[in-house]
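This report introduces a protein structure to a reader who has not met it before. Please look over the sequence and the structure before reading on.

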Amino acid sequence: LFVSSHIGAVPYRSASSARSCGAVRVLMAAVATVVLMQRRKGNLRAKPDRVSEERLKAFEKSLEEMRKLKVVLKKYDTNRSNKLEEDQVKKLLTDINQGQQPSETELRFIMKLCDSKCNNNAIDLSELKTAIESWKSYLHHKDKIQASLEQFDKS
């Protein structure tokens, strides 16, 4: 995989050589941020046939989303490991649920569901958005899920 920009190509050989699973995304975001900043300064001109205005806006939106996720990670990552362990995820889910802690089953469900990229028993930056969205969706549909289980689960 090669990440290229106006400053050259950066080889990335294997996922195992990266510090975390999200290292490639972070590298690509960093390169893209430099390119975007240079374009804003007028040092780099976008070729009109290559990058549309909508695409640039969508990219800026995704960069802003990444910045927000980094703030969340930094807030809950109390041991500065660049990932959220179970107790830290529990605190995050509790805060999202207005102070009500998730059950152990709910916590294990979110951990298992969202720790799919690295499979390291923790949630890193590349998995954080999925964890937050999954928890919010679960909370929104929790009553319907429970009613369905009561109706159809005969075990």
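What pattern does the protein chain follow when read along the sequence? The pattern is β-β-α-α-β-α-α-β-α. The model described here is predicted.

## Overall composition

The protein chain contains five helices and four strands. In sequence order, these elements are arranged as β-β-α-α-β-α-α-β-α, with a helix at the end of the pattern.

The protein chain has 155 residues, and 28% of them count as buried. About 11,100 Å² of the chain is exposed, and 52% of this area is supplied by carbon and sulfur atoms. Among contacts between residues at least 6 apart in sequence, 47% join residues at least 24 apart.

## Packing of helix 3 and helix 5

Two packed helices are described by the angle between their axes and the distance between the axes. Helix 3 spans residues 86-96, and helix 5 spans residues 125-152. The two helices pack at an angle of about 45°, and their axes lie 11 Å apart. An angle from 35 to 65 degrees is neither roughly parallel nor roughly perpendicular; helix 3 and helix 5 are therefore oblique to each other. Their crossing is right-handed.

Which residues make this contact? Helix 3 contributes L92, L93 and I96, while helix 5 contributes L128, I132, W135, K136 and L139. By type, seven residues of the contact between helix 3 and helix 5 are nonpolar, none is polar and one is charged.

## Two residues of helix 5

Residue E133 belongs to helix 5. Is E133 buried, exposed or partly exposed? Its relative accessibility is 46%, and partly exposed residues lie between the 20% and 50% cut-offs, so E133 counts as partly exposed. Between E133 and C114 there are 10.0 Å in space, C-alpha to C-alpha, and the two are 19 residues apart in sequence.

Residue S134 is also found in helix 5. S134 has a relative accessible area of 17%. Buried means under 20%, so S134 is buried. Leaving aside residues up to four places away in sequence, S134 touches I110, L113 and C114. C114 therefore appears in the description of both residues: as a contact of S134, and as the residue 10.0 Å from E133, C-alpha to C-alpha.

Notes:
Residues are numbered from 1 along each chain as its sequence is written. This is a predicted model: local features need pLDDT of at least 70, side-chain atom pairs count only at pLDDT 80 or more; totals for chains, interfaces and linings use all residues. Side-chain values use heavy atoms; hydrogens and water are left out. Axes are lines fitted to C-alpha atoms, for helices over the stretch in contact, and angles run from 0 to 180 degrees between N-to-C directions. Angles under 35 degrees count as roughly parallel, over 145 as roughly antiparallel, 65 to 115 as roughly perpendicular and the rest as oblique. A crossing is left-handed if the near helix is turned anticlockwise from the far one by less than a right angle, and right-handed if clockwise. Contact means heavy atoms within 4.5 Å. Ala, Val, Leu, Ile, Met, Phe, Trp, Tyr, Cys and Pro count as nonpolar, Asp, Glu, Lys and Arg as charged, and the others, Gly among them, as polar. Buried means under 20% relative accessible area, exposed over 50%, partly exposed in between (1.4 Å probe, protein chains only). Accessible areas come from the Shrake-Rupley method with a 1.4 Å probe; for residues, only the protein chains shown count as cover.
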